[in-house]
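Let's take a walk through this model together, beginning with the outside and working inwards. Keep the viewer open so that you can pick out each residue as it comes up.

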Amino acid sequence: MLGLPQTTEVKKIIPKRALYSKFELNTAEQKEFDAAIRQMTIVNEISLRTIPALHKKEKAVFVLAVQLKQEGCAEKLLQKLCRLIDQRLLLALCYEDKLQLALYFDNRILLNEFMPVAEQKVNLQGTSLNDIWEHLALQVAQLTPRAGLTPASVIANAGRRAETEAQIAALTKKMFAEKQARKKLTLREAINKLKKELEEL
C-alpha cells in the first residue's frame, strides 16, 4: 500500500470501541470519529526490532492505515487521534483508490495531497529513529532540507511563513476596505514589516 523500504509489515486492527473506552471519549467525540473513520490498522513498524542497525534506543514509528468514510479528514480530529494513541504515527489516510499521508509533528498536523495509492512513497533517511522521524515529517510536509538547519527548524520556519502570509493577506484586505488615510497608512506599514520578516524566514 505504501512505499516504505526496510520496514516490517504488521496487521493489528485498533477497534474504535476499545479506543473510546480506554480514553473515556464522550458521545459527541465518538460520533465525530464514527462519522469520519471506518477502520484503523497498524500496518508497518519502524523500530530497533525491525531495523537493528540503528542501534540507539529511541521511540519507534508506526504506520497507521486509516480507512476514511469520505475523502479528507478534519485536522483537529487527526490531531486528537495522534494525541490519544501517543506514539510516533505516520497516518496513511485511505479513501477508495487514493491515499493521503499525515503526521503529527511539533504540535501540528502535516499533510500532503491525496493521490493514487501507487504514487504515495516516502524514503527512510537517517542513522537513528529520530532522524527517520524528522525526515518523514519533511517529506509529508513536502519541504526541502536546508543546509545548516535541522528538519524541525525547516518545518517550524514553514509554519511561521504560512502564518505570516495569512496575516499579510488579512491586513491587505482590511487596508483596501479602510476609508481613513491615516489608518490605511498604519496598515500598510504593518504589512511592510511583515513582508520584511517573511524575507528573513
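**From the surface to the core**

The accessible surface of the protein chain is about 12,100 Å², and carbon and sulfur atoms account for 49% of that area. Please keep in mind that this is a predicted model. Along the principal axes, the C-alpha atoms of the chain fill a box of roughly 65 × 45 × 30 Å. The chain has 201 residues, and 41% of them count as buried.

Now turn to the secondary structure, where you will find six helices and seven strands. Starting at the N terminus, the elements follow the order β-α-α-β-β-α-β-β-β-β-α-α-α. Contacts also bridge distant parts of the sequence: among those between residues at least 6 apart, 60% join residues at least 24 apart.

What lies inside? In soluble globular proteins, nonpolar side chains tend to be buried together. Here, the largest nonpolar core has 28 residues, and those with the most contacts inside it are F33, I37, M40, L64, V66, L81 and L91. At least two residues of this core come from each of helix 1, helix 2 (27-36), strand 2 (37-46), strand 3, helix 3, strand 4 (88-95) and strand 5 (98-105). Helix 3 gives the largest share, six residues. I37 is a good one to click on: leaving aside residues up to four places away in sequence, I37 touches K16, V66, Q67, L68, K69 and L77. There is also a second, separate core of 26 residues, which includes V63, C94, I132 and V154.

Next, look for empty space. Rolling a probe the size of a water molecule over the atoms shows where such space is left. The largest pocket has a volume of about 240 Å³. Its lining consists of K12, I14, L19, K22, F23, I42, F62, L64, L84, I85, Q87 and L89. These lining residues divide into nine nonpolar, one polar and two charged. Helix 1 (16-22), strand 3 (61-68) and helix 3 (75-85) each supply at least two of them. L64 appears in this lining and is also among the residues with the most contacts inside the largest core.

One last stop is E58, in the loop between strand 2 and strand 3. Is E58 buried or exposed? E58 counts as buried because its relative accessible area is 16%, under the 20% cut-off. Not counting residues up to four places away in sequence, E58 touches L48, S128, L129 and N130. The C-alpha atoms of E58 and S128 are separated by 7.7 Å, although the two residues are 70 apart along the chain.

Key:
Residues numbered from 1 in each chain as written. Predicted model: local features only at pLDDT ≥ 70, side-chain atom pairs only at ≥ 80, totals over all residues. Heavy atoms only, no water. 1 Å grid on protein atoms, 1.4 Å probe; cavity = no way out; pocket = protein on both sides within 12 Å on 5 of 7 lines; lining within 4 Å. Points joined across faces, edges and corners; volume = space filled by probe spheres on them. Helix = DSSP H or I, 4+ residues; strand = E, 2+ residues; numbered from the N terminus. Nonpolar A, V, L, I, M, F, W, Y, C, P; charged D, E, K, R; others polar. Core = buried A, V, L, I, M, F, W, Y, C linked by side-chain atoms within 4.5 Å. Buried < 20%, exposed > 50% of the residue type's maximum accessible area, 1.4 Å probe, protein only. Contact = heavy atoms within 4.5 Å. Areas by Shrake-Rupley, 256 points an atom, 1.4 Å probe, with all protein chains shown as cover.
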